[in-house]
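Grab a pencil and open the viewer. Try each exercise yourself before you read its solution.

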Amino acid sequence: MSDYDVRLETDADYLNLLTRKLFHAGFAQRAVNAKWPAFEAAFIGFEPIQVACMDEDDLERLGRNPNLVRNRRKLRATVNNARRFCEVAATHGSWRAWFIASRNQPYELRAEALRQSLDLARAESAAWVFC
């Protein structure tokens, strides 16, 4: 299944895709994709509440895991994004619901809202993935 075939039904699905695209930026996609099952295990299926609870010790452990692409900035961004997903879910029911509701806005506003709300190594990644 390619990145374009994924079904985005849950916040975990969105966090998974966002993180994959975050790691694709600057790394060979083939290498990232080959390691993706290890990412899914390490990030507990990308369940935002679980990932948001990760602390510095967890990030240190992930940064030493040879089965992952060990870019600490992107590993930390994943945890930060999970925390943001949880914040949005607290006020909108889910990150997915917030995102879907934003689809009525012009592209530029959606892209800017994503850039402001997510921790990205490349801000344009979220706009490209989701807008």
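**Exercise 1. Find A77 and decide whether A77 is buried or exposed.**

Start with the address: A77 sits in helix α5. Keep in mind that you're looking at a predicted model. Next, check the surface. The relative accessibility of A77 is 2%, and the cut-off for buried is under 20%. A77 therefore counts as buried.

Now look at the company A77 keeps. Skip its neighbours within four places in sequence, and you'll find A77 in contact with L22 and D119. Finally, go a bit further down the chain: A77 and L120 are 43 residues apart in sequence, yet their C-alpha atoms are 6.3 Å apart in space.

**Exercise 2. Do the same for T19 and P66: where is each one, and is it buried or exposed?**

Take T19 to begin with. You'll spot T19 in helix α1, which covers residues 11-24. Its relative accessible area is 1%, and buried means under 20%, so T19 is buried. Leaving out residues up to four places away in sequence, T19 touches W36, F46 and T78.

Now switch to P66, which is in the loop between α4 and α5. Here the relative accessible area is 53%. Exposed means over 50%, so P66 is exposed. One more distance to check: P66 and K35 are 31 residues apart along the chain, and 9.6 Å separates their C-alpha atoms.

**Exercise 3. Work out how helices α4 and α5 are arranged: what is the angle between them, and which residues meet?**

Step one is geometry. Helix α4 is made of residues 56-64, and α4 packs against α5 at an angle of about 140°, with the axes 10 Å apart.

Step two is naming that arrangement. Over 145 degrees would count as roughly antiparallel, and 65 to 115 as roughly perpendicular. The angle of about 140° fits neither, so α4 and α5 are oblique to each other. As for handedness, the α4 and α5 crossing is right-handed.

Step three is the contact itself. From α4 come E56, L59, E60, L62, G63 and R64, and they meet R72, L75, R76 and V79 in α5. Sort the residues of this contact and you get four nonpolar, one polar and five charged.

**Exercise 4. Find how many aromatic pairs there are, then describe the pair of F85 and W95.**

Rings pair if their centres lie within 6.5 Å. By that rule, the count is ten aromatic pairs. For F85 and W95, the centres are 4.3 Å apart and the planes are at 0° to each other. Planes under 30 degrees apart count as stacked, so this pair is stacked.

What does the pair connect? F85 belongs to helix α5 (residues 72-92) and W95 to helix α6 (residues 95-101), so the two rings tie together parts that are ten residues apart in sequence. Both F85 and W95 are buried. Follow the ring pairs and you get a cluster of Y14, F85, W95, W98 and F99.

**Exercise 5. Zoom out: how many helices and strands are there, and what share of the residues is buried?**

Count the elements: eight helices and zero strands. Reading along the sequence gives α-α-α-α-α-α-α-α. The chain has 131 residues, and 43% of them count as buried. Last step: take the contacts with a separation of 6 or more. Residues 24 or more positions apart account for 59% of these contacts.

Note on methods:
Residues numbered from 1 in each chain as written. Predicted model: local features only at pLDDT ≥ 70, side-chain atom pairs only at ≥ 80, totals over all residues. Heavy atoms only, no water. Phe/Tyr/Trp six-rings, centres within 6.5 Å; stacked < 30°, edge-to-face > 60°. Helix = DSSP H or I, 4+ residues; strand = E, 2+ residues; numbered from the N terminus. Buried < 20%, exposed > 50% of the residue type's maximum accessible area, 1.4 Å probe, protein only. Axes fitted to C-alpha atoms, helices over the stretch in contact; angles between N-to-C directions. Parallel < 35°, antiparallel > 145°, perpendicular 65-115°, else oblique. Left-handed = near helix turned anticlockwise from the far one by under 90°. Contact = heavy atoms within 4.5 Å. Nonpolar A, V, L, I, M, F, W, Y, C, P; charged D, E, K, R; others polar.
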